[in-house]
Amino acid sequence: MRAEQFLKRFCGAQEGGAIVEFALVFPLLASFTLAILDFSYVAFADASLEGAVREAARRGITGYVPSAGSRDQYVRQRILDAMAPFALDGEVVITTRVYGRFSDIGEPEPFSDANGNGVYDAGECFTDVNQNGLWDADMARSGLGGAGDVVVYQAQVRLMPMTPFFVHLLGRSDPAITLSASTAVRNEPFSLVQEGANGGAIEICG
């Protein structure tokens, strides 16, 4: 009799029901909240990097040289300052590539295809656009360029998420998330350099 009464009382009891329901729902709610926080953090870092690269390019096109430091440091510091608040794995990698015109971006140095195989072979004549004495598959020069040059700014970082949840959600073994941003601009003033000029490039044979 007592056993039957206990079972009826246990099955009909409502005390603690809310706690049990909360215990079941809380892991899902916490996971969803962490996912939103991490995703927002990564998205904000990505937007900050994009904005910093564009701002660095705006600084670079003017040719302004600060009284303290170099033009290169002045431009790069904008990106470094923007990414300082974020947890990064390693340093911010910043590269700049200089071209004579937009259509040259990513293009190889021109060469005389003597054997007609469509690729550069040792000994064939080529135009040394970047003036390093070697044929390059990308004719870019380093630095920030001169007046009228086209400059490609690129920055890359490895961002550490706020929590490991985002990494586990994506099934990644590497906890860091790689973010990159790039933009291409033409330095001022536009009228001083004719578009397409190779800026002292010479032809090399042999």
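The structure holds 8 salt bridges, a salt bridge being a side-chain nitrogen of Lys or Arg within 4 Å of a carboxyl oxygen of Asp or Glu. This is a predicted model, so to speak of local features takes a pLDDT of at least 70 and side-chain atom pairs count only at pLDDT 80 or more, while totals for chains, interfaces and linings use all residues. Residues are numbered from 1 along each chain as its sequence is written, and side-chain values rest on heavy atoms, with hydrogens and water left out.

One of the salt bridges sits within a helix: Arg54 pairs with Glu50, with 3.8 Å between the closest N and O atoms. Both residues belong to helix α2, 4 residues apart, or about one turn of the helix; helices here are DSSP runs of H or I with at least four residues, strands are runs of E with at least two, and both are numbered from the N terminus. Arg54 is partly exposed at 41% relative accessible area, and Glu50 is partly exposed too, at 27%. For these labels, buried means under 20% relative accessible area, exposed means over 50%, and partly exposed is in between (1.4 Å probe, protein chains only).

Next come Asp89 and Arg158, whose side chains meet in a salt bridge at 2.9 Å, N to O. Asp89 lies in the loop between α3 and β1 and Arg158 in strand β3, so this pair ties together parts that are 69 residues apart in sequence. Asp89 has a relative accessible area of 36% and is partly exposed; Arg158, at 28%, is partly exposed as well. Asp138 and Arg97 make another salt bridge, the closest N and O atoms being 3.9 Å apart. Here too distant parts of the chain are linked, with Asp138 in the loop between β2 and β3, Arg97 in strand β1, and 41 residues separating them. Partly exposed again fits both, with Asp138 at 27% and Arg97 at 25% relative accessibility. Salt bridges with shared partners also join Asp89, Arg158 and Asp174 into one network.

Now for the sheet. It is open, built from 3 strands in the order β1-β3-β4 with antiparallel pairing, where two strands pair if DSSP finds at least two bridges between them. β1 (93-99) and β4 (177-186) stand at the edges with a single partner strand each, so one side of each has no neighbour in the sheet. On average, neighbouring strands are turned by 15° against each other, direction ignored. Helix α3 (residues 71-83) packs on this sheet and touches β1 and β3, its direction making about 145° with that of β1. Contact means heavy atoms within 4.5 Å; axes are lines fitted to C-alpha atoms, for helices over the stretch in contact, and angles run from 0 to 180 degrees between N-to-C directions.

Strand β3 (residues 150-159) pairs with β4 over 10 bridges, and with β1 over 7 bridges. Among the bridge partners, Arg158 goes with Thr178 in β4, Ala155 with Ala181 in β4, and Thr95 with Gln154 in β3. β3 is mostly covered, 7 of its 10 residues being buried.

One backbone oddity turns up at Gln131: its phi is near 55°, a positive value in a residue other than glycine. Gln131 lies in the loop between β2 (126-128) and β3, and is partly exposed at 46% relative accessible area.
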